[in-house]
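Colleague: I'm new to this, so please pick one part of the inside of this molecule and walk me through its surroundings slowly.

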Amino acid sequence: MNRTRFAPSPTGPLHLGHAFAALTAARLADPGQFLLRIEDIDQSRCRPEYEVLIAEDLRWLGLDWPRPVMRQSERLPAYQVALDRLAAMGLTYPCRCRRADIRAALAAPQEDAAQVVGPDGPVYPGTCRHRRMAEAGPEEAIRLNAARALEHLGLDEIAFLDENIAPGLPHRLSAQDFIAGVGDVVLARRGMGTSYHLAVVVDDAAQGITLVTRGKDLLDSTWIHIILQKLLELSTPRYHHHRLIRDADGKRLAKRDDARALKLFRDEGISAAQIRRQLGF
């Protein structure tokens, strides 16, 4: 039996893409357990009214989940424990660079080869990599030293299986390609105490998630998560990266696409059964 989760951020109304993700997670959990988790670490953008709307929309779709619901904003101590452990291993460093600083560094002629886009955007050029954690300021980000982490693990390659994309065939990435194409990712963002990558790994382990279901747009993030799982000695769940719901122009739906918000469908009298059929359930 699978244990899955749907983990939205309450920064806007759920749309058809969220409905597809939630229904996929619930379907693949059956007859196991489907969990709801609220990813609200970005308190500047999260709103309680959107969290209420999330629950209403999911119940309208016919979904249910155990209570109480895990909220990332209540788990900062757990993330700090993980950060401290990685720091004690000598695998993290503080970063004072702003986005403009990174863009400027990557625009320099000697950085031409480093202008690669990874899961989090342009791969960080390593400006602050020489700094020690003892120098960290309260408003600085914390990054993972990717090369040192892979050396610590003794990995020449990272691999995982996906149950939906080429099932049975391992997805592989060499250590050097990870360093060049993913790089020193942020583990704790300024003023948040964590990042998506660290929080999702710690939370999936805490909740005993056995199957991670999410969109194909997060496929490349899985390399990061597997490395963090190994470093923190956490079990690696199975993965299922599903298709994305797109608009008529082929663009992936975003929360700003209010015209496709589930609440509007509800208000217009469209039934949950119609939405489920439209999404292939």
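Modeller: Let's start at F178, which touches A146, L150, I158, L173, G183, W223, I224 and I227, leaving aside residues up to four places away in sequence. Touching, or contact, means heavy atoms within 4.5 Å. Before we go on: this is a predicted model, where local features need pLDDT of at least 70 and side-chain atom pairs count only at pLDDT 80 or more, while totals for chains, interfaces and linings use all residues. Residues are numbered from 1 along each chain as its sequence is written, and side-chain values use heavy atoms, with hydrogens and water left out.

Now zoom out a little. F178 belongs to the largest nonpolar core, which has 39 residues, and shares with L144 and L198 the status of having the most contacts inside it. Such a core is a set of buried Ala, Val, Leu, Ile, Met, Phe, Trp, Tyr and Cys residues joined through side-chain atoms within 4.5 Å. Buried means under 20% relative accessible area, exposed over 50%, and partly exposed in between (1.4 Å probe, protein chains only). In soluble globular proteins, nonpolar side chains tend to be buried together.

Who supplies this core? At least two residues each come from α3, β7, α5 (146–153), β8, α6 (175–181), β10, α7 (196–206) and α8. The α labels are helices (H or I, at least four residues) and the β labels strands (E, at least two), taken as DSSP runs and numbered from the N terminus. Helix α8 gives the most, with six residues. There is also a second, separate core of 26 residues, with F6, F20, A25 and L36 among them.

Back to W223, one of the neighbours of F178. The structure holds three aromatic pairs. Rings of Phe, Tyr and Trp (its six-membered ring) pair if their centres lie within 6.5 Å; planes under 30 degrees apart are stacked, over 60 edge-to-face, and the rest tilted. F160 and W223 have ring centres 4.9 Å apart and planes at 70°, so this pair is edge-to-face. The pair links distant parts of the chain, since F160 sits in strand β8 (residues 157–160) and W223 in helix α8 (residues 221–231), 63 residues apart. Both F160 and W223 are buried. Add Y239 to F160 and W223, and you have one aromatic cluster.
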